[in-house]
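Reader: Could you take me through one part of this model up close? I'd like a connected account rather than a list.

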Amino acid sequence: METGRGTQGILSKEMSSKREEIVELLKTAYWMELETVISYLTNSVNPDGVRAQEIKESLEEDIQEELGHAQQFATRIKELYGVVPGSMEFKAEQSYLQPPEEQVDIVHVIRGVIEAESGAIEHYTRIIEETDQVDPVTQDMVIDILHDEQEHRRLFEGFLREYQAEGLA
Ligand SMILES: [Fe+2]
Ligand SMILES: [Fe+2]
């Protein structure tokens, strides 16, 4: 039986090095999502103040969505014959989403979320480019996830704008 590129696409033997490349990009995405879960959980609890409430609630909702993204990335890694990495391989990178000195400093949180979403948008745009014409299934999945991240960023840019309009950011 012929199992060349024509019939098996990204799952074919001939495509193994491209597949490994995509799996590495998906692992990075997986860790980004999980770190975002940690950071959003932290920041959905820590902030103080009347105006922090909206931000906390929004982040609380996002936790489940980002966790869902991590699950999608993990599933796709396996489908591409990769192995989902264990927790010992995790390296934290979101220095900008650590708790601020004052828990009423909600602008710090808003800016941190915008930075996290921007990082995700950048990385997922790269995956969409790398999978173009070679792995439409991964590409399609990541396009949907990218849409979610664009929505998140836009929402938090709106929050920031409100503070800027009042001279608070
Ligand atoms: Fe996400
Ligand atoms: Fe997001």
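**Two helices and a pair of irons**

Author: Let's start with the helix pair, keeping in mind that this is a predicted model. The axes of α3 and α4 cross at roughly 25° and come within 12 Å. With angles under 35 degrees counting as roughly parallel, α3 and α4 are therefore roughly parallel to each other. As for the hand of the crossing of α3 and α4, it's left-handed.

Who makes the contact? On the α3 side you'll find Ala-52, Ile-55, Leu-59, Glu-66 and Phe-73, and from α4 come Ile-106, Val-109, Ile-110, Val-113, Glu-117 and Tyr-124. Sort the residues of this α3 with α4 contact by type and you get nine nonpolar, two charged and no polar. Glu-66 and Glu-117 are both on that contact list, and they also turn up at the metal.

Take the iron ion (ligand 2). Its coordinating atoms come from Glu-66 (OE), Glu-117 (OE, listed twice), Glu-149 (OE) and His-152 (ND1), at 2.0 to 2.4 Å. Along the chain, the donor residues of the iron ion (ligand 2) are spaced E-x50-E-x31-E-x2-H. Glu-66 sits in helix α3 (residues 52-79) and Glu-117 in helix α4 (residues 106-131), so this pair ties together parts that are 51 residues apart in sequence. Neither one is out in the open: Glu-66 is buried, at 1% relative accessible area, and Glu-117 counts as buried too, at 2%.

Now for the other metal, the iron ion (ligand 1). Its protein donors are Glu-33 (OE, again listed twice), Glu-66 (OE), His-69 (ND1) and Glu-149 (OE), lying 1.9 to 2.4 Å away. Here the donor spacing along the chain reads E-x32-E-x2-H-x79-E. The pair of Glu-66 in helix α3 and Glu-149 in helix α5 (residues 136-165) links distant parts of the chain, 83 residues apart. Glu-149 is buried as well, with a relative accessible area of 1%.

You'll have spotted Glu-66 in both sets of donors. Glu-66 bridges the iron ion (ligand 1) and the iron ion (ligand 2), and the two ions lie 3.9 Å apart. Glu-149 is also named among the donors of the iron ion (ligand 2) and among those of the iron ion (ligand 1).

To put it together, Glu-66 belongs to the contact of α3 with α4, and Glu-66 coordinates both irons.

Conventions
Residues numbered from 1 in each chain as written. Chains lettered and ligands numbered in written order. Predicted model: local features only at pLDDT ≥ 70, side-chain atom pairs only at ≥ 80, totals over all residues. Heavy atoms only, no water. Donors = N, O, S within 2.8 Å, 3.2 Å for Na, K, Ca; no water. Helix = DSSP H or I, 4+ residues; strand = E, 2+ residues; numbered from the N terminus. Buried < 20%, exposed > 50% of the residue type's maximum accessible area, 1.4 Å probe, protein only. Axes fitted to C-alpha atoms, helices over the stretch in contact; angles between N-to-C directions. Parallel < 35°, antiparallel > 145°, perpendicular 65-115°, else oblique. Left-handed = near helix turned anticlockwise from the far one by under 90°. Contact = heavy atoms within 4.5 Å. Nonpolar A, V, L, I, M, F, W, Y, C, P; charged D, E, K, R; others polar.
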